Amino acid sequence: MRKINFLMVLFALLSMANQCKKSADLSAIIDKTWLRSQEEEKGDGVEVYRPETYNFPLSRGARTGFKLSKSGEFTEIIAPADAPMYLKGTWKESGKNRISISLEKNTYTDKTNKSYELLEYNEKIVRIKP
């Protein structure tokens with residue numbers, strides 16, 4: 001009985017530590033530019049991003065991406081042509097592992113308010129689901 005209780009307590013502590021680690025690691029992705037790595041996506045709606053310093057394979061056109069700043073500023077990198085363009089806005093945490101984005105009005109998108117679930121995030125990779 002003691003062994004089962006010990007294992008249950010250990011499992012609960014590990015689960016809580018994992019959740020705390022995920023939230024604490026948000027600082028690891030702030031103030032970095034993240035570029036989309038379509039090559040790693042599996043067609044399940046999950047978008048994959050890597051730091052701009054990542055050794056990406058060659059791609060046609062500019063890569064899209066984003067940057068979250070500590071100050072709450074958000075920059076979305078789009079590529080409507082061959083060169084990247086930068087849309088400005090703000091971001092905030094909107095629940096457990098969720099962020100909300102508000103873009104300034106622009107001529108490139110009608111959707112200026114977005115929300116994303118952060119599935120995985122650390123200094124090497126960000127996986128999000130819109």
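Three worked exercises on a predicted model follow.

Residues are numbered from 1 along each chain as its sequence is written. Local features need pLDDT of at least 70, side-chain atom pairs count only at pLDDT 80 or more, totals for chains, interfaces and linings use all residues, and side-chain values use heavy atoms, without hydrogens and water.

**Exercise 1. Describe the largest pocket: its volume, its lining and the strands that contribute.**

Step 1. Fix the term. On a 1 Å grid over the protein atoms alone, a pocket is an open set of points where a 1.4 Å probe fits, with protein on both sides within 12 Å along at least five of seven lines; lining residues have an atom within 4 Å of a point.

Step 2. Take the volume, the space filled by probe spheres set on the points. The largest pocket has about 320 Å³.

Step 3. List the lining. It has 22 residues; Glu47, Tyr49, Glu76, Lys114 and Tyr116 lie nearest the centre.

Step 4. Assign strands (DSSP runs of E, at least two residues, numbered from the N terminus). Those giving two or more residues to this lining include E2 (47–51), E3 (65–68) and E7 (113–121).

Step 5. Sort by class. The lining has 14 nonpolar, three polar and five charged residues (Asp, Glu, Lys and Arg count as charged).

**Exercise 2. Classify the aromatic pair of Tyr49 and Phe66, and place it in the sequence.**

Step 1. Apply the cut-offs. Rings of Phe, Tyr and Trp (its six-membered ring) pair if their centres lie within 6.5 Å; planes under 30 degrees apart are stacked, over 60 edge-to-face, the rest tilted. The whole structure holds three such pairs.

Step 2. Read the geometry. Tyr49 and Phe66 are 5.0 Å apart, centre to centre, with 75 degrees between the planes: edge-to-face.

Step 3. Place the partners. Tyr49 is in strand E2 and Phe66 in strand E3, so the pair ties together parts 17 residues apart in sequence.

Step 4. Check burial (under 20% relative accessible area; exposed is over 50%, partly exposed in between; 1.4 Å probe, protein chains only). Both Tyr49 and Phe66 are buried.

Step 5. Extend the group. Tyr49, Phe66 and Phe74 form one aromatic cluster.

**Exercise 3. Analyse the salt bridge of Arg50 and Glu40.**

Step 1. State the criterion: a side-chain nitrogen of Lys or Arg within 4 Å of a carboxyl oxygen of Asp or Glu. Six salt bridges are found.

Step 2. Read the distance. Arg50 and Glu40 meet at 2.7 Å, N to O.

Step 3. Locate both ends. Arg50 lies in strand E2 and Glu40 in the loop between E1 (33–36) and E2, so the bridge ties together parts 10 residues apart in sequence.

Step 4. Compare accessibility. Arg50 is buried at 14%, whereas Glu40 is partly exposed at 25%.

Notes:
Helix = DSSP H or I, 4+ residues; strand = E, 2+ residues; numbered from the N terminus.
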